[in-house]
Amino acid sequence: MPEGHSIRHLATVHSYGFLGTTVQASSPQGRFAEGAALINNRTMTDVTCKGKHLFFHFDDDIVHIHLGLYGWFTTRKNKGQVPKDAVRLRISNEEYVSDLAGPTACEIFDGQQYAAKLASLGPDPLRDDANPEIAWQKINKSKKTVGQLLMDQSVIAGIGNVYRAELLFLSNQSPFIPGKELPKDKFDSLWRDSVRLLKIGAEDGKIKTVADGHLTDDEVKLHGCSQYSYVYKRTGNPCRVCGDTVQADDMGGRTLYWCPSCQS
DNA sequence: TGAGTATGTTCAG
DNA sequence: TGAACCTACTCAT
């Protein structure tokens, strides 16, 4: 479930399991055989991430991973499990094994490529050094809609379709107005919520945006077992706050969910 | 069992 | 703007 929160979660998990240890690397699927050979039997010196991009550092050789739509990691105690054929990269040490399958990107970067990738991304709400003013300057000058801008990784890094829908709902903000017409206090509210919600999501890797008071009785009974949203994928259902019908529209090839009353 | 859908990005036209 | 990449899951048949 790769939005920024899950990448941060994965960085934490891999730091815990592999940082400072010598790792064995292989590519059962074969498409990352050269890269795996390059980092095999070397010490993982750092794990970093920004937005939806994850980096495993082996001194000056850096594995850049982007999960895309389908990619995922399976990380477990190392009991000698046989990897599936689809595993692009397996890293392991004596204690843990982690299998990566289906990523959009799994490649070796040098320091220059790493710096360029970081520079291409907007501020990441999960990073302490994030400067929201950079995002505001871009939004404030843009004719693109707020809904499009929130998904643009060069504006804010780490927000995807779920968080876009939920953040705009929480700020009672229409997705359809141009960025340059977005009031500053609305942007501040969006940024505050993105920091708050992404941090909650990063703690256990799940997206949690709905306050307990807005869940139905049935959902409260199941609380913790499922993921809930205010508007994401709730087309045709009543809004949890006002009761109006949640709508869906196509925006830039992605489905946008919104409440026409709360976000007018 | 097969169609449809999906939390993303890049590239060709 | 649409297709391609790549895999898991849900739902209808």
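Let me start with helix 4, residues 132–140, and helix 7, which in this predicted model pack at an angle of about 135°, with their axes 11 Å apart. An angle of that size is therefore classed as oblique for helix 4 and helix 7, and the crossing of the two is right-handed. On the helix 4 side the contact is made by Pro 132, Glu 133, Ala 135, Trp 136 and Ile 139, and these meet Lys 184, Phe 187 and Trp 191 in helix 7. Sorted by class, the contact of helix 4 with helix 7 has 6 nonpolar residues, no polar ones and 2 charged ones.

Helix 7 comes up again with helix 6. Here helix 6, residues 161–170, and helix 7, residues 184–204, pack at an angle of about 130°, and their axes are 10 Å apart. That makes helix 6 oblique to helix 7, and helix 6 passes helix 7 in a right-handed crossing. If you look at the residues, Tyr 163, Leu 167, Leu 168 and Leu 170 in helix 6 are set against Leu 190, Asp 193, Ser 194, Arg 196, Leu 197, Leu 198 and Gly 201 in helix 7. The contact of helix 6 with helix 7 divides into 7 nonpolar, 2 polar and 2 charged residues.

The next helix to consider against helix 7 is helix 1, residues 4–18, and the axes of this pair come within 7 Å and cross at roughly 40°. Helix 1 and helix 7 are therefore also described as oblique to each other, and helix 1 passes helix 7 in a right-handed crossing. From helix 1 we have Gly 4, His 5, Arg 8 and His 9, which meet Leu 198, Gly 201, Ala 202, Glu 203 and Asp 204 in helix 7. In this contact of helix 1 with helix 7 the residues are 2 nonpolar, 4 polar and 3 charged. Leu 198 and Gly 201 of helix 7 are thus listed in the contact with helix 6 and in the contact with helix 1.

Let me turn now to the DNA, beginning with strand B. This strand is surrounded by 20 residues, the closest being Lys 52, Tyr 70, Gly 160, Asn 161 and Arg 254. Of the atoms of DNA strand B that lie within 4 Å of the protein, 64% belong to sugar or phosphate, and the rest belong to bases.

Which parts of DNA strand B do the polar side-chain atoms of Glu 3, Thr 104 and Tyr 232 approach? For Glu 3, a polar side-chain atom lies 3.3 Å from a sugar or linking oxygen of the strand; for Thr 104, the partner at 3.3 Å is a base nitrogen; and for Tyr 232, a phosphate oxygen lies 3.3 Å from a polar side-chain atom. The elements that give two or more residues to the surface near DNA strand B are helix 6 and strand 11, residues 254–258. By class, the surface near DNA strand B has 9 nonpolar, 6 polar and 5 charged residues.

Finally, DNA strand C, which has Gln 29, Arg 31, Tyr 70, Trp 72, Ala 86 and Gly 102 around it. Sugar and phosphate account for 61% of the atoms of DNA strand C that come within 4 Å of the protein. The surface residues near DNA strand C divide into 3 nonpolar, 2 polar and 1 charged.

I would end on Tyr 70, which is among the closest residues to DNA strand B and is also one of the residues around DNA strand C. In the contact with DNA strand C, an N or O atom in the side chain of Tyr 70 is 2.9 Å from a base oxygen of the strand.

Definitions and conventions. Residues are numbered from 1 along each chain as its sequence is written. Chains are lettered from A and ligands numbered from 1 in the order in which they are written. This is a predicted model: local features need pLDDT of at least 70, side-chain atom pairs count only at pLDDT 80 or more; totals for chains, interfaces and linings use all residues. Side-chain values use heavy atoms; hydrogens and water are left out. A residue is near a molecule or strand if one of its heavy atoms lies within 4 Å of it. A polar contact is a pair of N or O atoms within 3.5 Å; within protein, one must be able to donate a hydrogen and the other to accept it, and residues adjacent in sequence count only if both atoms are side-chain atoms. Ala, Val, Leu, Ile, Met, Phe, Trp, Tyr, Cys and Pro count as nonpolar, Asp, Glu, Lys and Arg as charged, and the others, Gly among them, as polar. Axes are lines fitted to C-alpha atoms, for helices over the stretch in contact, and angles run from 0 to 180 degrees between N-to-C directions. Helices (H or I, at least four residues) and strands (E, at least two) are DSSP runs, numbered from the N terminus. Angles under 35 degrees count as roughly parallel, over 145 as roughly antiparallel, 65 to 115 as roughly perpendicular and the rest as oblique. A crossing is left-handed if the near helix is turned anticlockwise from the far one by less than a right angle, and right-handed if clockwise. Contact means heavy atoms within 4.5 Å.
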